[in-house]
Amino acid sequence: MVPVAIVGAGPVGLTLANLLGLRGIQTVVLERNAGTVEEARAVSLDDEALRILAATGLLDTLSADMILGARATYYDSDGGILFEVEPTQPAFGYPLISLFLQPRLEAGLAEGTRRFEHVQVRFRHSVDRLTPEADGVVLEGYDADHRRFSLKASYVVGCDGGRSTVRSETGIQMVGSTYKERWLVLDAAGYTYGEPRVRFFCDPARPTVSVPIPHGCHRWEFLLQPHETDEEMLAPEKLDALLRRHIDPRSIQILRKVVYTFHARRAGRFRKGRILLAGDAAHLMPPFGGQGMCSGLRDAHNLSWKLDAVLQGRASDKLLDTYEAERSRHVREMTLGSTLLGQIVMARNRAGVSLRDAFFKMLSLSPETRLFVREARFKPPPQIQAGLLWRHLERGPWTGVMLPQPRVRTASGEVLLLDQVLGPDFTLLGLNADPSFALPAQLLARWTRLALRQLSVVRPSSRSQLRANEVVDVDGVFSSATGEKASGFCLLRPDRYVAAHFHADQAPLVSEFLERSFQSA
């Protein structure tokens with residue numbers, strides 16, 4: 001019996017496999033296809049997703065095939081700029097918008113699993129039956145030689161897409177809606193773009209999205225009219241007519257053409273016993289916010305350290321109940337945000353378009369609202385309301401939020417991103433305070449079951465000589481984020497969410513919270 005079986009070797013399944021591999025968890029990935037995808041599907045990643053890929057140890061390699069730091073521009077029906085998204089403050093250490101080729105990303109993630117003898121990726125293995133048992137789940141299907149196989153795992157994670165076999169076998173239903181609108185998606189090679197910019201043409205006559213992709217590739221998405229058939233719009237002469245408004249069709253080679261209908265749906269449950277769902281198997285959302293795959297990567301990061309804690313005996317199985325509690329609300333918010341952006345892009349009613357354009361022109365008049373839009377502060381923040389977090393009336397303001405990631409200077413003088421010095425497990429982070437001095441030693445000793453690391457972040461002006469467990473917040477990000485001098489302690493989870501933000505006199509209460517949360521079965 002293997003500890004974890006992952007069904008689906010897409011970006012989410014492979015990211016989870018790499019994260020589990022780093023933790024020493026024996027993992028088998030079962031994928032029905034002969035290899036990773038050969039065509040582009042998702043094309044954009046946000047700052048949180050890049051932070052997660054960095055946690056796999058593969059970002060330096062993967063980013064060589066990315067366009068880092070693109071901007072997004074929305075145009076009105078007359079071709080004028082409606083608004084732009086161009087953040088200048090990377091709160092989590094990476095650009096808000098980056099573009100990639102999914103075939104190269106998946107291939108890089110698959111290659112990354114080869115670092116671990118205890119992780120296997122088995123292509124051409126299709127799963128068609130799941131049988132839950134008291135101590136695990138039996139998976140059955142056909143292997144590469146068309147023979148029946150059977151495999152038992154302590155836990156199964158379904159990362160097998162919107163038509164998930166795992167979800168179907170588990171009896172979990174999808175809830176939500178399907179868009180009536182159809183989009184023609186064209187991927188092409190041979191296009192030389194200038195600056196990396198995603199363009200949304202919010203023209204009611206033909207809403208269009210234009211996305212540069214690395215290595216001279218490009219994507220166009222055209223909203224189809226209700227009377228236009230798929231066959232008609234996929235004809236070469238129609239494709240040329242659509243492209244001619246943006247580029248000479250003779251200068252490019254079309255790699256892929258397909259008509260999509262987008263969804264805004266999610267699974268009624270993300271967990272049933274020892275079976276969990278992640279990525280598109282758990283939720284589908286419109287592409288306008290570029291959050292579909294990003295949300296799946298968040299699922300993988302959330303699950304990886306919890307599965308590790310349970311399988312290593314540091315926590316009971318109940319810890320996995322926090323997965324849905326923490327992810328489902330954020331998924332709903334992201335789906336709503338993507339839907340609203342879609343309504344902006346797809347508006348066709350002339351009165352509605354005029355109202356939309358007037359609204360954004362009004363926003364541009366104020367420096368505050370203009371900055372709000374430009375920095376994409378309308379994007380739902382990475383925050384959890386329920387799950388593994390300290391629910392105390394006097395908790396600090398960062399409890400439940402993803403910790404910002406500043407550049408820090410170590411005692412040796414090296415400047416790194418904060419995550420590079422945190423490690424993969426829990427961290428007790430002192431904000432201008434040293435936990436080893438400020439908190440009782442016997443209390444800290446009780447927290448060692450979390451592989452707890454102690455680190456202190458100090459202000460740039462504090463002093464030139466640092467202790468080994470101190471780093472300097474080079475850019476003063478923490479002080480800026482709180483609006484005051486950062487202080488207190490953050491119990492930081494492996495996925496960089498703050499489980500508790502507290503002061504020294506509250507440490508015994510936080511200790512009780514940890515004991516309850518990680519009580520072994």
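**Exercise 1.** Classify E111 by its relative accessibility of 45%, then place it in the structure.

*Solution.* The scale calls a residue buried under 20% relative accessible area, exposed over 50% and partly exposed in between (1.4 Å probe, protein chains only). At 45%, E111 therefore counts as partly exposed. This residue is found in helix α4; helices (H or I, at least four residues) and strands (E, at least two) are DSSP runs, numbered from the N terminus. Along the chain E111 and V121 are 10 residues apart, and 9.8 Å separates their C-alpha atoms.

The model is predicted, so local features need pLDDT of at least 70 and side-chain atom pairs count only at pLDDT 80 or more, while totals for chains, interfaces and linings use all residues. Residues are numbered from 1 along each chain as its sequence is written, and side-chain values use heavy atoms, with hydrogens and water left out.

**Exercise 2.** Describe how helix α1 (residues 11-22) packs against helix α4 (residues 102-113).

*Solution.* Begin with the geometry. The angle between α1 and α4 is about 25°, and their axes are 9 Å apart. Axes are lines fitted to C-alpha atoms, for helices over the stretch in contact, and angles run from 0 to 180 degrees between N-to-C directions. Under 35 degrees counts as roughly parallel, over 145 as roughly antiparallel, 65 to 115 as roughly perpendicular and the rest as oblique. The pair α1 and α4 is therefore roughly parallel.

Next comes the hand. α1 and α4 cross in a left-handed way; left-handed means that the near helix is turned anticlockwise from the far one by less than a right angle, right-handed that it is turned clockwise.

Last come the residues. From α1, the residues P11, L14, T15, A17 and N18 meet Q102, L105, E106, L109, A110, G112 and T113 of α4 (contact means heavy atoms within 4.5 Å). Sorted by class, the contact of α1 with α4 holds six nonpolar, five polar and one charged residues. Here Ala, Val, Leu, Ile, Met, Phe, Trp, Tyr, Cys and Pro count as nonpolar, Asp, Glu, Lys and Arg as charged, and the others, Gly among them, as polar.

**Exercise 3.** Repeat the analysis for α1 and α8.

*Solution.* These two helices pack at about 30°, with axes 9 Å apart. That angle makes α1 roughly parallel to α8. The crossing of α1 and α8 is right-handed. On the α1 side the contact uses P11, V12, T15, L16, L19 and L20, and on the α8 side M293, G296, L297, A300, H301, L303, S304 and L307. The classes in the contact of α1 with α8 are 10 nonpolar, four polar and no charged residues.

**Exercise 4.** Check the length of helix α8 (residues 292-311) and find how many of its residues are buried.

*Solution.* The expected span is 1.5 Å times one less than the number of residues. For the 20 residues of α8 this should give 28 Å, and the end C-alpha atoms are 29 Å apart, which agrees. Of these 20 residues 18 are buried, so α8 is largely enclosed by the rest of the structure. Just after α8, G313 has a positive phi of about 80°.

**Exercise 5.** Describe the packing of α8 and helix α9 (residues 321-346).

*Solution.* The angle is about 170° and the axes lie 11 Å apart. α8 and α9 are therefore roughly antiparallel. Their crossing is right-handed. S295, R298, D299, N302, L303 and K306 of α8 make the contact with T322, Y323, E326, R327, H330 and M334 of α9. By class, the contact of α8 with α9 has three nonpolar, four polar and five charged residues.

**Exercise 6.** Is I25 buried or exposed, and which residues does it contact?

*Solution.* I25 sits in the loop between α1 and β2 (27-31). Its relative accessibility is 3%, so I25 counts as buried. Neighbours within four places in sequence aside, I25 is in contact with P3, V4, L20, H118, V119, D308, L311 and Q312. The C-alpha atoms of I25 and Q312 are 8.9 Å apart, with their positions 287 residues apart along the chain.

**Exercise 7.** Locate H215 and N432, and give their phi angles.

*Solution.* H215 belongs to the loop between β14 (208-213) and β15 (217-223). Although H215 is not a glycine, its phi is positive, at about 65°. N432 belongs to the loop between β22 (427-431) and α13 (435-438). N432 is not a glycine either, and its phi is positive, at about 60°.
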